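Biologist: I would like to learn how strands are read in a model such as this one. Could you take me through it slowly?

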Amino acid sequence: QVQLVESGGGLVQPGGSLRLSCVTSGFVFTNYIMKWYRQAPGKERELVASVGRVGRDKRYGDAVKDRFTISRDNHNDRVFLQMSNLKPEDTAVYYCNADLGTENIVYWGQGTQVTVAS
């Protein structure tokens, strides 16, 4: 059974930091590109960051570049999102995503809420 379980969300003040974690199981982790998406109320889901299968190819959305860092632990089948200098516009539900890169095989976590407010 495929599982992606996010944690680490919460309420943080502007300028603060959070680290999201996604623990996975049920699939061959190293075969998948791992991504973080987010969806704010009334907005479409957007890609925040992605990391390639061996952890070297990292890409970021323009809104989070230079503030967020994605990483993965291929020994423990986990992916992380370190978020710094958080802004109110970062408020959203953050989703972990595993993308095989072919045949439209994609898995999603249930999401974790991040709220940035003073």
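**Reading the strands**

Modeller: Let us begin with one pair: Asn97 has Trp108 as its bridge partner in E10. This is a predicted model, in which local features need pLDDT of at least 70 and side-chain atom pairs count only at pLDDT 80 or more, while totals for chains, interfaces and linings use all residues. Residues are numbered from 1 along each chain as its sequence is written, and side-chain values use heavy atoms, with hydrogens and water left out.

Biologist: What makes two strands a pair?

Modeller: Strands (E, at least two residues) are DSSP runs numbered from the N terminus, and two of them pair if DSSP finds at least two bridges between them. Here E9 (residues 92–99) is joined to E10 (residues 106–108) by three bridges, and the two run antiparallel. E9 and E10 form a hairpin with six residues between them, and Gly101 in the turn has a positive phi of about 90 degrees.

Biologist: Which other strands does E9 join?

Modeller: E4 (residues 33–39) pairs with E9 in the antiparallel sense over seven bridges, and E11 (residues 112–116) is joined to E9, also antiparallel, by three. Val93 in E9 is the bridge partner of Gln39, and Val93 also stands opposite Gln113 in E11.

Biologist: Why is E9 described as largely enclosed?

Modeller: Buried means under 20% relative accessible area, exposed over 50%, and partly exposed in between, with a 1.4 Å probe and protein chains only. Seven of the eight residues of E9 are buried, so the strand is largely enclosed by the rest of the structure.

Note on methods: Helices (H or I, at least four residues) and strands (E, at least two) are DSSP runs, numbered from the N terminus.
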